[in-house]
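Subject: Structure handover and what I found in it

Hi,

Here is the structure I promised to pass on to you. Please open it first, and then read the notes underneath with the view at hand.

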Amino acid sequence: MPELKCTVQTCVHNQQFLCNLDKIEVGGNKAKRSEETCCDSFQERKGDSYSNVTGTASPTSMIDCKATDCQYNESCKCHAGKISVEGSNACHCQETECATFCAVCE
Ligand code: SF4
C-alpha cells in the first residue's frame, strides 16, 4: 500500500497532512500530466464541521487510480511506494491532483 501524503487541508479527511480514509480514488482516466488527475475522494470541509472520525489517520492507504497512463498504475491500482496529493485551497476535487503521476515513457 502506498504511503499517502496530502496537502489538501480543505478536505474533511485530512488530518495533519495524512488521509483518514483506508482507501481513496484518484481520477483522470485520460491524464497525461499530474494536473489532469484529481482525488475523487475529496470532500470539502464546510465551516468548522470537522470530521468526527475518531482515531488517527494512518500513513498508508489503498489507492484505486483511473490514471492508467501513469507508470505506477497496474490494473487501476497504484503501486508507487509513496504518493503526494496536492491542492492547498481546493474546493472541488478537480482542484486536487496526484503530484506523483509520472507518464509511461513511449
Ligand atoms: S502515482 Fe500514478 S498510479 Fe499512483 S495515484 Fe498517482 S497517478 Fe495514480
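A word on terms before the sheet: two strands pair if DSSP finds at least two bridges between them, and strands (E, at least two residues) and helices (H or I, at least four) are DSSP runs numbered from the N terminus. With that in place, three strands form an open sheet of mixed pairing, in the order 1-9-10. Its edge strands are strand 1 and strand 10 (97-98), each of which pairs on one side only.

Please keep in mind that this is a predicted model: local features need pLDDT of at least 70, side-chain atom pairs count only at pLDDT 80 or more, and totals for chains, interfaces and linings use all residues. Residues are numbered from 1 along each chain as its sequence is written, and side-chain values use heavy atoms, with hydrogens and water left out.

The chain as a whole

The chain has zero helices and 10 strands. Its radius of gyration is 13 Å, close to the 13 Å that the globule rule gives for 106 residues, so the chain is as compact as a globular protein of that length. (The radius is taken over C-alpha atoms, and the rule is 2.2 Å times the number of residues to the power 0.38.) Along its principal axes, the C-alpha trace spans about 45 × 25 × 15 Å.

Of the 106 residues, 40% count as buried; buried means under 20% relative accessible area, exposed over 50%, and partly exposed in between, with a 1.4 Å probe and protein chains only. Among contacts (heavy atoms within 4.5 Å) between residues at least 6 apart in sequence, 67% join residues at least 24 apart.

Strand 1 and strand 9

Strand 1 and strand 9 pair in the parallel sense over four bridges. Two of the partnerships are E3 with K82 and K5 with S84. The side chains of strand 1 alternate: L4 and C6 point to one face and are buried, while E3 and K5 point to the other and are not.

Is S84 buried or exposed? S84 is buried, with a relative accessible area of 18%. Leaving out residues up to four places away in sequence, S84 touches K5, E97, C98, A99 and T100.

The core

The largest nonpolar core has 21 residues, and L4, V8, I24, V26, I63, I83 and V85 touch the most other members. Such a core is a set of buried Ala, Val, Leu, Ile, Met, Phe, Trp, Tyr and Cys residues joined through side-chain atoms within 4.5 Å. Strand 1 (3-6), strand 4 (23-27), strand 6 (62-65) and strand 9 (82-86) are the elements that give two or more residues to this core. Beyond four places in sequence, V8 touches N14, F42, V85, E86, G87, A90 and T96.

Two glutamates in loops

E36 is found in the loop between strand 4 and strand 5 (38-39), and E95 in the loop between strand 9 and strand 10. E36 is partly exposed at a relative accessible area of 37%; E95 is partly exposed at 43%.

Each has a polar contact to a backbone nitrogen. For E36, a polar atom of the side chain lies 2.8 Å from the backbone nitrogen of K32. The side chain of E95 reaches the backbone nitrogen of C91 at 2.6 Å. (A polar contact is a pair of N or O atoms within 3.5 Å; within protein, one must be able to donate a hydrogen and the other to accept it, and residues adjacent in sequence count only if both atoms are side-chain atoms.)

Not counting residues up to four places away in sequence, E36 touches G27, G28, K30 and A31, and E95 touches E86, G87, N89 and A90. The C-alpha atoms of E36 and T96 are 9.2 Å apart, with their positions 60 residues apart along the chain.

What the record says

An unreviewed UniProt entry lists "domain: DUF1540" at residues 5-42 and 63-101; positions are in the numbering used here, feature names are shortened, and annotations may be inferred rather than shown by experiment. In the model, residues 5-42 are 0% helix and 34% strand, with end C-alpha atoms 14 Å apart. Residues 63-101 are 0% helix and 36% strand, and their end C-alpha atoms lie 13 Å apart.

Best wishes
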